[in-house]
Amino acid sequence: LELEVVPAGTKTPVGSPLSLPSASPGKPARSPQPRIVTPGDFLLRFTARSAEGEPLDRWEEPLSVPDLSSVAVALATPKFFIASSVQELRELQTAADPTPRALRIFRQTDRVFVQLEPYAAQNAGDVSVTAELLSADGKGLLTLPNLEIKDGKTRFELPVRGLGKGTYLFRARAKVGDQQVEHVVGFRV
């Protein structure tokens, strides 16, 4: 799988194509080094290739990169990590940079961890982060306490073990002074 980052309105990619590794059985694929781009609109152009290098499929996904220099606070999309066994939990705890999962369907026996990365235009030490577990209709079920930011991020366990089967919302907020930003992510148990 190849990835090209193309500025909107042009046909010329930024840099050379990135080769995305495939996942091994039972293990998610590791992402290549990030590509730094300026704020603006882009297309992510994917090309799936055969073992011989022939194109099998091509598709594009839009991407809008915000200009974070003009906002007081920003919050990266929450990353979810799932450990379904003791071995996966150990790997997650010892990995310096574990691979997040896109899956938003959890079993009651899963250990689910969330990582939040807030950004502040001025002093990052002034950023406070809160997280809440909500019902599907947005009613508060649980506020997760003491989200300490260390090295620009915080990681904590999302308590899915005590939840009944159903749909829930996870809301994360980052705040600096009177400026606030939030992300809401739905998931199922």
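Trainee: In which sense do β1 and β2 pair, and over how many bridges?

Mentor: The general idea is that strands of a sheet pair through backbone hydrogen bonds, either parallel or antiparallel. Here two strands are taken to pair if DSSP finds at least two bridges between them. In this structure β1 and β2 pair in the antiparallel sense, over two bridges. One position to inspect is L3, whose bridge partner in β2 is L18.

Trainee: On what conventions does such a reading rest?

Mentor: The model is predicted, so local features need pLDDT of at least 70 and side-chain atom pairs count only at pLDDT 80 or more, while totals for chains, interfaces and linings use all residues. Residues are numbered from 1 along each chain as its sequence is written, and side-chain values use heavy atoms, with hydrogens and water left out.

Trainee: Which elements make up the chain, and in what order do they run?

Mentor: Elements are DSSP runs numbered from the N terminus: helices are H or I over at least four residues, and strands are E over at least two. By that reading the chain has one helix and 13 strands. The order from the N terminus is β-β-β-β-β-β-α-β-β-β-β-β-β-β.

Trainee: What is the strand order in the open sheet that contains β1?

Mentor: The open sheet has four strands in the order β2-β1-β3-β4, paired antiparallel. Its edge strands are β2 (18-19) and β4 (55-65), each of which pairs on one side only. Between β1 (residues 2-7) and β3 (residues 40-49), which run antiparallel, there are six bridges. Within that pairing, V6 stands opposite L43 of β3, and E4 has R45 of β3 as its bridge partner.

Trainee: What further link do the side chains of E4 and R45 make?

Mentor: In general, side chains of opposite charge can pair when their charged atoms come close. The criterion for a salt bridge is a side-chain nitrogen of Lys or Arg within 4 Å of a carboxyl oxygen of Asp or Glu. The count by this rule is eleven salt bridges. E4 and R45 form one of them, at 3.6 Å from N to O. Because E4 belongs to strand β1 and R45 to strand β3, this pair ties together parts that are 41 residues apart in sequence.

Trainee: Is E4 buried or exposed?

Mentor: Buried means under 20% relative accessible area, exposed means over 50%, and partly exposed lies in between, with a 1.4 Å probe and protein chains only. E4 has a relative accessible area of 17% and is buried. For the whole chain of 189 residues, 29% count as buried.

Trainee: Which residue meets K79 in a salt bridge?

Mentor: The side chain of K79 meets that of E117, at 3.2 Å from N to O. K79 lies in strand β6 (residues 79-83) and E117 in the loop between β7 (111-116) and β8 (118-120), so the pair ties together parts that are 38 residues apart in sequence. K79 is partly exposed at 30% relative accessible area, whereas E117 is buried at 16%.

Trainee: Which residues are joined into one network by salt bridges that share partners?

Mentor: Consider first another pair, R101 and E88, whose side chains meet in a salt bridge at 3.9 Å, N to O. R101 lies in the loop between α1 (86-94) and β7, and E88 in helix α1, so the pair ties together parts that are 13 residues apart in sequence. R101 counts as partly exposed at 26% relative accessibility, and E88 counts as partly exposed at 25%. As to the network, its members are E132, R171, R173 and E182, joined through shared partners.

Trainee: Which residues have the most contacts inside the largest nonpolar core?

Mentor: In soluble globular proteins, nonpolar side chains tend to be buried together. A nonpolar core is a set of buried Ala, Val, Leu, Ile, Met, Phe, Trp, Tyr and Cys residues joined through side-chain atoms within 4.5 Å. The largest core has 26 residues, and those with the most contacts inside it are F80, L116, F156, L158, F170 and F187. The elements giving two or more residues to this core are β5 (73-75), β6, β7, β9, β11 (154-158), β12 (167-176) and β13 (179-188). The most comes from β12, with five residues. A second, separate core of six residues includes V5, F42, L44 and F46.
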